[in-house]
Amino acid sequence: MLSARVLCVRPIGITSDFCPVCRQERRFHLAQAERKRYFLCFDQGREGQPHHELTCFVCGCKVERPTEERPIEILPDPKSAGSYEPTPLPIVKSRIADCLVMEEALQSGRLKGDDREEMIRYTMMGFARIYDEEPFERVKPWVTMVMLVTIFGLAGSGIWSMQHSGSVVPLVAAIGAIGVVIFAMLYWVTKHSPRKRVRTWLAMALLPIDPTREEIIQARREMQASRISAGDRIRPEKVMAKMKRLKPKMG
């Protein structure tokens, strides 16, 4: 409550990119994400550099891209996020084209060697920053404060009512209400925190490539060598297990 590190996401507009889950070019919601330090619920400024968060229109997966790929001098009003589309650098179109070429090679069984390793590495890198995120990192401190005040208020009123009425019904009702508040918070985190879903997205993206455990470990080692902390958080055995569970559903 005194000091918190929060990931703040601001809608910007729409854009196009290659979706690693859909395996084709898609339209995305575009947002700017930046970590901020809060002290006593007051914004103390940004930590590190912002990045762009892209959310696929079709599958809903989130990937991160550097802000340099889509230069924006002044962030537009979030109200115009449904229509504003920044002009991407040529490297974006080039990357989409390269991904489509590799996808065609994958579908025809011609994806081999370095191209196969690059597709596995590119897929894992696209979700790297989300792996670094904590489940509650998008919850603002004032939300946590309101929740705690509500919980203590319900508990206090339940105890007071029980003492003055001589019945445990008010206390039981207060405990039930507290449970609802906690459940609502956990439900919001489950629905809004991509950290809770990133392993599923990664497994869905890797499934058509069908990488071996050794190939995932090799990509993980390269991430560790580049000091990308997701390289320590990604568990190859859990990714493989998730792929195994998803395989019957995805045919």
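User: How many strands form the open sheet, and in what order?

Analyst: To read a sheet, list its strands by who sits beside whom, then note the sense of the pairing. In this predicted model, four strands make up an open sheet with the order 1-2-3-4, and their pairing is antiparallel.

User: Which strands stand at the edges?

Analyst: Look for strands with a single partner. Here these are strand 1 (3-19) and strand 4 (62-65); each has a single partner strand, so one side of each has no neighbour in the sheet. From one strand to the next, the twist averages 30°.

User: How many bridges join strand 1 to strand 2?

Analyst: Count the bridges, then pick one pair to fix the register. Strand 1 and strand 2 (residues 24-39) run antiparallel and are joined by 16 bridges. One pair to find on screen is A4 with its bridge partner Y38 in strand 2.

User: Which helix packs on the sheet, and which strands does it touch?

Analyst: Helix 2 (residues 113-126) does, touching strand 1 and strand 4. The direction of helix 2 makes about 95° with that of strand 4.

User: How do strand 3 and strand 4 pair, and over how many bridges?

Analyst: Strand 3 (residues 42-56) pairs with strand 4 in the antiparallel sense, over four bridges. Among the partners, L54 is bridged to V63 in strand 4. The hairpin of these two strands has five residues between the strands, and G60 there takes a positive phi near 80°.

User: Which residues of strand 4 are buried on one side, and which on the other?

Analyst: Take the two faces separately. K62 and E64 are buried on one side, V63 and R65 on the other, and both faces of strand 4 are therefore covered, given that buried means under 20% relative accessible area.

User: Is H52 buried or exposed?

Analyst: Place the residue, then check its accessibility and contacts. H52 lies in strand 3. The relative accessible area of H52 is 1%, so H52 is buried. Leaving aside neighbours within four places in sequence, the contacts of H52 include I12, L30, A31 and Q32, along with V63, E64 and R65. P66, T67, R70 and I72 are also in contact with H52.

User: What does 24% relative accessibility make A155?

Analyst: Compare the value with the cut-offs. Partly exposed lies between under 20% for buried and over 50% for exposed, so A155 at 24% counts as partly exposed. A155 is in helix 4 (residues 141-165).

User: How far apart are A155 and A33 in sequence and in space?

Analyst: Read both separations together. A155 and A33 are 122 residues apart in sequence, and their C-alpha atoms are 36 Å apart in space.

How values were computed
Residues numbered from 1 in each chain as written. Predicted model: local features only at pLDDT ≥ 70, side-chain atom pairs only at ≥ 80, totals over all residues. Heavy atoms only, no water. Buried < 20%, exposed > 50% of the residue type's maximum accessible area, 1.4 Å probe, protein only. Pairing = 2+ DSSP bridges. Axes fitted to C-alpha atoms, helices over the stretch in contact; angles between N-to-C directions. Contact = heavy atoms within 4.5 Å.
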